[in-house]
Structures are given as C-alpha cells and as structure tokens.
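Subject: Structure handover

Hello,

Here is the structure I said I would pass on. My notes on it follow below.

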Amino acid sequence: MPQIEVRGLAKTFRVAERLPGLAGAFRGLFHRRMRDVHALGGVDFDIERGELVGYIGPNGAGKSTTIKILAGILNPTAGTCRVDGLTPWRDRRRHVAHIGVVFGQRTQLWWDLPVIESFDLLRDIYRIPAAAYRDNRDRLIALMDLEPLLDVPVRQLSLGQRMRSDLAAALLHGPSLLFLDEPTIGLDAVSKLAIRDFVRELNREAQVTVLLTTHDMDDIEALCERVMVIGNGRILVDTSVDGLRRRVRNERILVVDYDSAGEAATVDAPALVAEGEGVRSVERDASRVRIAFDPDRLPAATLIGQLLALGTPHDLFIEHPPIEQTVAELYAEHDMRER
C-alpha cells in the first residue's frame, strides 16, 4: 500500500482584483472584484514508503500548494489524499506527529531564541519522550555539525546555518515522511552539498520517505531516481530522471579534449555520420569538441571508434544534456499542445 495516495486533488483560490491608483483603491472598498486562481486541477500520484521523489515545475505550477495540502495546512477544493492512512486536513494532530516539513523561505525556529531552546520547545510540542529526544537531538547535531550554533539566536544565523538547523528541527520527533520545499534556495555550494548528503543518507539509511520540490536541477540529479513534473496545476510527467530525458530527446554528449585546436578542427559532422547518421551537432571551444548524438542510431562505441580514426584525443567522456534543458523542452512541448 502506498504511503501517499493522491486522487483528483484540486485547489482553487479566490483572490481580489483592484484597479490601479488611488481611485481603484477607493472603488475596491465598495465594489471588490474577485477571480478564481486554479492552483491544482486534478493531481493524481502515489508514493511508496522509502522513495525519494523530486517534484518540479515553474513558479505557480502548484508545487507548494500540493505540499501544504499533504502537510494538512490547506484544505483542497476537491479530490482525496491519504498519507499513512490518514486524511491530512481532517486528522491533523495524528498526521503531523509522523511528518516533517521544511520550507526554504520560512523557519519553524523561534527567531530570538538560541537554536537549542527552539529544539527543546519542539520536544514539548511533539511530546517526544526524553530518551528518544536526547538520542535524536545528539545524532542530528553531529550529522549536521550544529554544535557551534546551539547557543546562537536564530536571527544571527546565516541562511545555510539556519537551513541545517531547520532540517534537524523537522526530524527531532523521528518522522517517517519528510516534505522539503526548496530546501537549498539561496544556499552556497558547501551548504547545498551538506544538505544533499544528509537527505541522501536519511533516505537510504533510515528509509525516510522524501518529497522534494526545488528549482535546482542539480538537487534532482544528485538525489532523485523518480521525478514528477507539474505544470498549470497538473502532472505532466511521472518517470525516472533518465525517462524524463528520453521522453523529450534521447541524446548524449561526447566531450573530447585534444592537445591543440588544430587537432580539434579535424572533427566535423560529415566525417562522423557516415556509419550511423546519429550526430546532431558538433561544437568546438578551442581544443575541446562537444558532439551531441543519438545513442540509438549511433552507438557510443562506434562514434568513439570514428574519432580515434581521425586522431588521438587527450581525453574523452560522455555526459547527459543538462536536465534544465530537458525540462524546458518539456514545458515548451506541453504549451504547444495546450494551444
């Protein structure tokens, strides 16, 4: 049985419209115009226990709205949702005892209190037994390297330090399910790597289910085997990261380094397509050549053999196209169908 079951989930917000200027503000006092904003338009998905799933989409696609409904913060307009057999917005007390939530732009820590006092308050809120609290707290402090921060007021922490503290706070009560909404937004590279490593270990070692929303595609590639893409309030794709790439374009990029720009100049598309006609483009940057090819039409071994016949490269390796490019092409394809 899936840990999360979502069927036909929809959410519509009623928002006020106001004409510009002082006259518009005055008129709005007596004749307020309202319009509907459809944040979710019928979302369906299941998440099994122990999965780490990426949930991506442009701003306004419905990612955070989904997270808030799953966490019990919002009531949906229509549809059903079951998390560990509970309906989040109806069984909120029992539900929140088994989940952790981290919002990248908001903190659950108390702004003027030291980090350790925020932890102690959360212990009381969640009614964590003393022994379990000490074990969880000490383990999380060690894993997230929080010892130097415990007596520092939250308002004095850097963004990276606060995010590490927030992540630890969300796990003090030992949840089996963790919702991460933009957890690495605005972080430096070192802090991002620390949080990625921690989330990966938490999922693999403790089997905590993780639903991750992010605009950082490096997070998705580093952490997730499965990714759901949402657009205009609907799930567009639910597949693996590799499946997402294949859905739009089955492409690999062979990067070849030569000792000189002169050697690199000998590589051109006509010389490479004779056997397979699978080369899509050849780009040069000084002594480096980037060859985009379709591995179904031109196997990598064949392409490398052709290159070796033309000369001896200094180094070569194969990479996927940036996942940002894949997602952008998926959105463009969806927008064309909508028109």
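The domain bounds used here come from an automatic or database domain assignment. That assignment gives domain 1 as residues 4–246 and domain 2 as residues 250–320. Taken over C-alpha atoms, the centres of domain 1 and domain 2 are separated by 43 Å. Please keep in mind that this is a predicted model.

The six-stranded sheet

One open sheet is formed by six strands in the order 5-6-7-3-8-9, and its pairing is mixed. Its edge strands are strand 5 (99–103) and strand 9 (234–240), each of which pairs on one side only. From one strand to the next, the twist averages 15 degrees.

Within this order, strand 3 (residues 52–56) sits between strands 7 and 8. Strand 3 and strand 8 (residues 226–231) run parallel and are joined by four bridges. Opposite Y55 stands M228 of strand 8.

Helix 6 against the sheet and helix 7

Helix 6 lies across strand 5 and strand 6 (177–181), and it runs at about 160 degrees to strand 5.

Helix 6 (residues 159–171) also meets helix 7 (residues 189–206): their axes come within 9 Å and cross at roughly 15 degrees. Angles under 35 degrees count as roughly parallel, and helix 6 and helix 7 are therefore roughly parallel to each other. The crossing in which helix 6 passes helix 7 is right-handed. On the helix 6 side, the contact is made by G160, M163, R164, L167 and L171, and on the helix 7 side by S191, I195, F198, V199 and L202. Sorted by class, the residues of this contact are seven nonpolar, two polar and one charged.

Helix 4 and its two partners

Helix 6 has a contact with helix 4 as well. The axes of helix 4 (residues 115–126) and helix 6 come within 10 Å, crossing at roughly 20 degrees. That angle makes helix 4 roughly parallel to helix 6. Helix 4 passes helix 6 in a right-handed crossing. V115, F119 and L122 of helix 4 make the contact with S165, A168 and A169 of helix 6. Five of the residues in the contact of helix 4 with helix 6 are nonpolar and one is polar, with no charged residues.

The other partner to mention is helix 5 (residues 130–143), which packs with helix 4 at an angle of about 145 degrees, the axes being 11 Å apart. The crossing of helix 4 and helix 5 is right-handed. Here helix 4 contributes I116, F119, D120 and R123, while helix 5 contributes Y133, R137 and I141. The contact of helix 4 with helix 5 divides into four nonpolar, no polar and three charged residues. F119 of helix 4 takes part in the contact with helix 6 and also in the contact with helix 5.

The four-stranded sheet

A further open sheet has four strands in the order 11-12-10-13, with antiparallel pairing. Strand 11 (279–285) and strand 13 (315–319) stand at its edges, each with a single partner strand, so one side of each has no neighbour in the sheet. Ignoring direction, neighbouring strands of this sheet are turned against each other by 15 degrees on average.

Strand 11 pairs with strand 12 (residues 288–293) in the antiparallel sense, over six bridges. One residue pair to look up is E283, whose bridge partner in strand 12 is R290.

Regards

Definitions and conventions: Residues numbered from 1 in each chain as written. Predicted model: local features only at pLDDT ≥ 70, side-chain atom pairs only at ≥ 80, totals over all residues. Heavy atoms only, no water. Axes fitted to C-alpha atoms, helices over the stretch in contact; angles between N-to-C directions. Helix = DSSP H or I, 4+ residues; strand = E, 2+ residues; numbered from the N terminus. Parallel < 35°, antiparallel > 145°, perpendicular 65-115°, else oblique. Left-handed = near helix turned anticlockwise from the far one by under 90°. Contact = heavy atoms within 4.5 Å. Nonpolar A, V, L, I, M, F, W, Y, C, P; charged D, E, K, R; others polar. Pairing = 2+ DSSP bridges.
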